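These are my notebook entries from a session spent looking through one protein chain. I wanted to go from the whole chain down to single residues.

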Amino acid sequence: MISEDSTAVLQLFPNGGWDVHHHIFEPERFPYSPDRHLTPPPATISRYNDFKRQLGITNSVLTHGLSYGSDCSCLTTFTTDLGPDITRAIGVIDPEVVTRSQLKDMHDAGVRGIRVNLYHYKAMHDLERQKVALRAHANALESRAGWSMAFTHVHPEFWPELKPVIANDVVSNGVHLVTDHFALLKGASMLPAGCQGDITKQEGFQALIELVRDGHLFVKISAPYRVSTEAPHFEDMKPLVRAFFDANPRQVLWGSDW
């Protein structure tokens with residue numbers, strides 16, 4: 001996550017620009033979930049607003065932190081505080097119990113999508129459980145066609161087998177599937193030796209590019225520090241960004257991961 005103390009070039013973005021992936025953590029106002037997998041430091045609304053002003057960002061999409069579990073009360077409060085006219089949000093639900101009425105209330109509060117919480121399904125490293133999680137969340141959103149669903153995991157080798165599930169059970173329901181952080185594909189600096197520095201040789205690359213090309217998957221250009229060691233400019237990520245744009249420029253998004 002980008003530090004809230006980052007210095008940035010003033011007015012980097014034109015008026016109207018969107019940051020489609022950032023978080024707010026204010027544990028003094030909203031305590032974290034007791035069964036969280038991560039305890040992040042505070043990242044407050046006031047500091048994020050300073051960050052937005054530095055870059056010239058006008059609009060943003062607040063992404064619900066999994067450290068808050070599936071309780072989105074903090075998310076809707078944060079969205080109101082950030083400004084409901086310039087802020088949308090991505091929530092977390094329990095697809096087994098969420099109701100249409102609850103989804104409507106979330107929509108009225110500015111929520112336009114959900115995250116799939118793989119930790120809830122013990123599915124981060126389990127392909128079959130990921131399929132179950134995808135189908136369950138897509139089914140829960142049948143009444144909210146047009147919403148997005150964010151799905152990110154650490155096993156690019158799973159993408160070939162996930163492709164038919166995404167095409168047949170997710171996108172066919174009218175859900176826009178999004179994956180964060182370059183889909184966690186690696187830049188050359190983090191590729192295994194067998195790839196010989198060629199990003200196209202890493203597992204899952206071709207399946208992912210096909211999903212982007214076919215309009216079945218949006219990819220967020222965010223958090224390069226997760227997939228490259230070449231900070232601060234991450235030059236080795238350029239070929240991967242170019243591959244996404246060449247596949248389908250309408251499926252590529254930018255998020256600060258603040």
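The entries below begin with the overall picture and then turn to two helices and a few backbone details.

**Entry 1: the whole chain**

I noted before anything else that this is a predicted model. I looked up the secondary structure and found 7 helices and 8 strands in the chain. Along its principal axes the C-alpha trace spans about 50 × 45 × 35 Å. I then checked the radius of gyration, which is 18 Å, and this agrees with the value near 18 Å that a compact globule of 258 residues would have. Of those 258 residues, 52% are buried, and the surface that the chain exposes comes to about 12100 Å², with carbon and sulfur atoms supplying 52% of it. For the contacts with a separation of 6 or more, I found that 75% join residues 24 or more positions apart.

**Entry 2: the core**

Which residues have the most contacts inside the largest nonpolar core? They are L134, M149, W159 and F244, in a core of 72 residues. I kept in mind that in soluble globular proteins nonpolar side chains tend to be buried together. I followed W159 further and, leaving aside residues up to four places away in sequence, found that its contacts include F151, H153, I166, T179, A183 and L217.

**Entry 3: helix α5**

Helix α5 covers residues 159–170, and I compared its span with that of a straight helix: 12 residues would span 16 Å, whereas the end C-alpha atoms of α5 are only 14 Å apart. The buried residues in α5 are W159, L162, V165, I166 and V170. Why do they lie on the same side of α5? They cover an arc of only 110° around the axis, which puts them on one side together. The general background I wrote beside this is that an α-helix has 3.6 residues a turn, so residues three or four places apart point the same way. Looking for what covers the buried residues of α5, I found among others the helices α4 (127–140) and α6 (205–213), together with the strands β5 (148–150) and β6 (176–179).

**Entry 4: helix α6 and I209**

In α6 the buried residues are F205, A207, L208, I209, L211 and V212, and their cover includes α5, β7 (218–221) and α7 (238–247). I picked I209, which lies in this helix, and asked whether it is buried or exposed. I209 counts as buried because its relative accessible area is 12%, which falls under the 20% cut-off. Beyond residues up to four places away in sequence, I209 touches A243, F244 and A247. The C-alpha atoms of I209 and F244 are separated by 6.7 Å, although the two residues are 35 apart along the chain. Just after α6, I also noticed that G215 takes a positive phi of about 75°.

**Entry 5: backbone details in loops**

The loop between β7 and α7 holds P232, and the peptide bond from A231 to P232 is cis, with omega near 5°. F234 is in the loop between β7 and α7 as well, and F234 has a positive phi of about 50° although it is not a glycine. K122, in the loop between β4 (111–115) and α4, is a residue other than glycine with a positive phi, near 50°. Which of these residues is buried and which is exposed? F234 counts as buried at 15% relative accessibility, whereas K122 counts as exposed at 62%.

Terms used. Residues numbered from 1 in each chain as written. Predicted model: local features only at pLDDT ≥ 70, side-chain atom pairs only at ≥ 80, totals over all residues. Heavy atoms only, no water. Core = buried A, V, L, I, M, F, W, Y, C linked by side-chain atoms within 4.5 Å. Buried < 20%, exposed > 50% of the residue type's maximum accessible area, 1.4 Å probe, protein only. Contact = heavy atoms within 4.5 Å. Helix = DSSP H or I, 4+ residues; strand = E, 2+ residues; numbered from the N terminus. Expected span 1.5 Å × (residues − 1). Arc of directions from axis to C-beta. Rg over C-alpha atoms; globule rule 2.2 N^0.38 Å. Areas by Shrake-Rupley, 256 points an atom, 1.4 Å probe, with all protein chains shown as cover.
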